[in-house]
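Colleague: Please give me a close look at a single part of this model. I would like to know what lies around it, and then how it compares with the rest in plain terms.

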Amino acid sequence: INKKINTQSCLSLSGTIVRKLPRKLEVLEGENAAFCVEVEADDLEVHWFKDSLKLRETHQTILKSFNQTHVLVFINVAHQDTGVVTFVTGRSKTSCRLKVKAARHSPPICPVGVQMDVEYPNGVLLSWVPVSPSTTATTRSIFVVERQEAGSQEWSKCFTSETATQAEVTGDSVPVEGNYRFRVCCINKYGRSGHVEFPNVVHLVPGPKIRQRLQGCEVAEGEEARFSLELSASLPGTWFLNSTQLQQGGRYAVQQAQGQHSLVIGETRMADNAAEVTFIANGIRDLAVLKVQTAEVKFSPQSERDREKTVASGDAIVLYCEVSHAFAHVSWFKDGAELQANDGLTVQSERNMRRIVVQSAEASDSGVYTCKAAGDVVQFNVQVAGKPTPQINKFYDVPQEERTKVHDQGEPVTLECDVTNPYAQVFWYRDDEQIFNQPGIYLLEAGHRRSLVIQSSELSHSGVYTCQMADDVAIFRVEPPVMIVEPRDDVVELTLRPAERLELSCQLSRLNAPVRWYRDGLEVEEGPGLLLEADGARRSLVVPAVSGGDGGEYVCDTQDDCVAFLVTVGKPDLSAGLHRGELGRGRLPGDGLRGGPDPGLRGVPGQCARPVVLQRAAADRR
């Protein structure tokens with residue numbers, strides 16, 4: 001910036017000072033003030049004063065000498081610089097009164113040549129031409145662009161710049177969809193120029209924004225980690241864990257409800273610690289950090305019998321313990337040395353259960369075994385005794401009715417067998433897979449009795465169970481009840497004509513399940529005039545040509561469920577009921593009322609006509 005320097009000519013006088021200072025000097029605020037004095041000789045000692053204070057050279061005060069000429073310059077004077085400047089050499093001096101006048105300042109001039117380019121997708125390009133500033137202007141100015149939604153009286157600032165002469169405004173910068181107009185002005189510390197409005201309006205649509213950002217999550221190992229964020233619009237998005245895209249399923253649950261997105265990471269592991277969780281959707285990106293702390297692991301208390309083990313040589317050693325977290329890492333040690341899985345040693349981990357199995361114990365396997373986790377430890381004392389005199393261990397006979405257990409979902413199931421040797425060790429298996437103590441399934445020993453208890457059975461617990469010793473095995477079968485799914489009524493009434501075909505059919509809930517057929521309370525047997533058929537889950541009783549003596553009450557019994565058929569064989573001219581082909585070859589549905597017709601009829605029609613004990617069992621099951 002060029003600054004004006006004010007000087008005045010000095011008169012030539014006789015004496016030491018040849019040219020003196022003017023009596024008075026006026027300058028504008030912000031300009032430079034210069035003073036010049038000429039003396040007789042080069043080697044004179046000179047001094048400058050302002051208001052009796054000696055001046056020294058600074059960044060705003062310049063003192064220069066050129067032979068007999070001496071110069072003083074005040075840079076960028078301000079109002080407080082007003083005063084008396086004095087030059088002294090020897091006994092001679094000259095003075096000048098400096099007066100700093102306030103400069104006249106004006107607000108900036110508004111820009112000109114405004115233009116508006118609306119050819120941008122969901123945006124507009126605004127441009128203008130600034131008025132050239134004065135060559136002496138030193139004040140900083142900025143351009144301000146404002147927007148106004150059509151129909152509103154309020155203007156909002158949307159762009160500022162000191163040097164730019166154009167601005168691009170996109171839909172992402174507006175709060176709501178609508179038509180917008182724009183204006184520009186120039187501002188400095190002395191005021192604001194007038195506004196210049198751009199000639200057109202433009203329709204802008206706001207882009208999606210993050211209303212609620214992702215937050216970092218800190219959890220203990222094994223716990224769930226939850227992340228969520230909210231967008232201003234309903235958009236699909238993608239989650240990443242350390243740059244790996246996540247999909248719904250397994251440990252990850254991904255959900256969206258309009259603009260709300262959430263991610264749940266189940267069963268966190270230490271490997272997840274410090275992982276970056278990133279969400280990306282249509283130009284939106286947000287990131288948070290997952291922190292996983294080592295969980296404090298505790299062992300469930302154990303009885304002395306579980307911790308003090310004495311096994312015979314050659315038998316298996318089974319040591320187990322339960323930890324508080326399913327993903328807790330444990331290490332097994334024997335006499336202080338860490339154990340590793342090998343042909344004779346199995347290390348197992350299933351949910352919260354941790355166990356080791358030594359397949360065939362030897363004397364060297366005696367010692368102190370420990371299971372260590374972060375924050376807890378459990379200890380076992382194992383003593384391997386010499387092999388006793390071999391004896392044959394056998395199971396006492398299990399009654400046939402105890403070998404097959406029919407269970408409903410949620411009911412307990414208990415399998416029991418007795419051994420001849422109360423110290424015999426047994427192993428339980430289901431479908432050839434060994435069973436161990438675990439939550440919900442307990443293996444019990446009490447004297448000669450060995451038991452397996454399922455606290456709350458499910459359909460998945462069905463199968464063949466075996467209790468095995470070296471010399472014997474007891475076999476059990478756990479099955480769901482066999483129910484009749486068709487017909488659904490407990491009582492079905494049929495009326496046929498003589499010589500018509502009678503076919504009674506039941507659809508069972510399980511293939512290959514046995515049934516028994518009864519007529520008037522007596523079990524029927526297959527013969528030339530009565531056929532018993534089985535096809536998959538369907539069981540049928542067929543009489544090819546009925547006669548008057550074939551009427552009565554027929555019962556299909558599965559031991560767990562039963563259906564009664566009331567069959568009436570009428571006279572040819574009094575026949576009634578369904579024609580052949582309806583509901584399965586002459587079958588007629590009952591009246592829909594449980595109990596059927598008058599209970600005073602023979603065999604208590606409407607109830608399962610089989611031995612009384614079967615009737616009571618069926619009633620209990622229902």
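Modeller: What follows starts with the whole chain, turns to strand 13 and its aromatic neighbours, and ends with two sheets elsewhere.

This is a predicted model, in which local features need pLDDT of at least 70 and side-chain atom pairs count only at pLDDT 80 or more, while totals for chains, interfaces and linings use all residues. Residues are numbered from 1 along each chain as its sequence is written, and side-chain values use heavy atoms, with hydrogens and water left out.

The protein chain holds three helices and 53 strands. These are DSSP runs numbered from the N terminus, where helices are H or I over at least four residues and strands are E over at least two. Of its 622 residues, 37% count as buried. Buried means under 20% relative accessible area, exposed means over 50%, and partly exposed is in between, using a 1.4 Å probe and protein chains only. Among the contacts (heavy atoms within 4.5 Å) with a separation of 6 or more, 65% are made by residues 24 or more positions apart. The accessible surface of the chain is about 35500 Å², and carbon and sulfur atoms supply 48% of that area. Accessible areas here come from the Shrake-Rupley method with a 1.4 Å probe, and for residues only the protein chains shown count as cover.

Now for the part itself. Strand 13 is mostly covered, with six of its eight residues buried. Two strands pair if DSSP finds at least two bridges between them, and strand 13 has such pairing with strand 16 and with strand 14. With strand 16 (residues 178-188) it is joined by eight bridges, and the two run antiparallel. Here E146 stands opposite R183 of strand 16. With strand 14 the pairing is also antiparallel, over five bridges, and R147 stands opposite S156 of strand 14. Strands 13 and 14 make a hairpin with six residues between the strands, and G151 takes a positive phi near 95° in this hairpin. As background, strands of a sheet pair through backbone hydrogen bonds, either parallel or antiparallel.

Rings also link strand 13 to its surroundings. A search of the whole structure finds eight aromatic pairs. Rings of Phe, Tyr and Trp (its six-membered ring) count as a pair if their centres lie within 6.5 Å; planes under 30 degrees apart are stacked, over 60 are edge-to-face, and the rest are tilted. W128 and F143 form a tilted pair, with 5.9 Å from centre to centre and 55° between the planes. This pair links distant parts of the chain, since W128 is in strand 12 (residues 123-129) and F143 is in strand 13 (residues 142-149), 15 residues apart. W128 counts as buried because its relative accessibility is 3%. F143 is buried as well, because its relative accessible area is 8%.

W128 also pairs with F159, this time edge-to-face, at 6.4 Å centre to centre and 65° between the planes. That pair again joins distant parts of the chain: W128 in strand 12 and F159 in strand 14 (residues 156-161), 31 residues apart. F159 counts as partly exposed because its relative accessibility is 23%. Together, ring pairs link W128, F143 and F159 into a cluster.

Two sheets elsewhere in the chain can be set beside this part. An open sheet of five strands runs in the order 29-36-35-31-32 with mixed pairing. Strand 29 and strand 32 (337-338) are its edge strands, and each pairs on one side only. Strand 29 runs parallel to strand 36 (residues 376-385), joined by five bridges, and the bridge partner of K309 in strand 36 is V382. A312 lies in strand 29 (residues 308-312), and it is buried because its relative accessible area is 17%. A312 and E362 are 50 residues apart in sequence but 8.4 Å apart in space, C-alpha to C-alpha.

The other open sheet has three strands in the order 30-34-33, with antiparallel pairing. Its edge strands are strand 30 (317-322) and strand 33 (345-350), each pairing on one side only. Strand 33 pairs with strand 34 (residues 353-358) in the antiparallel sense over six bridges, and T346 has V357 of strand 34 as its bridge partner.
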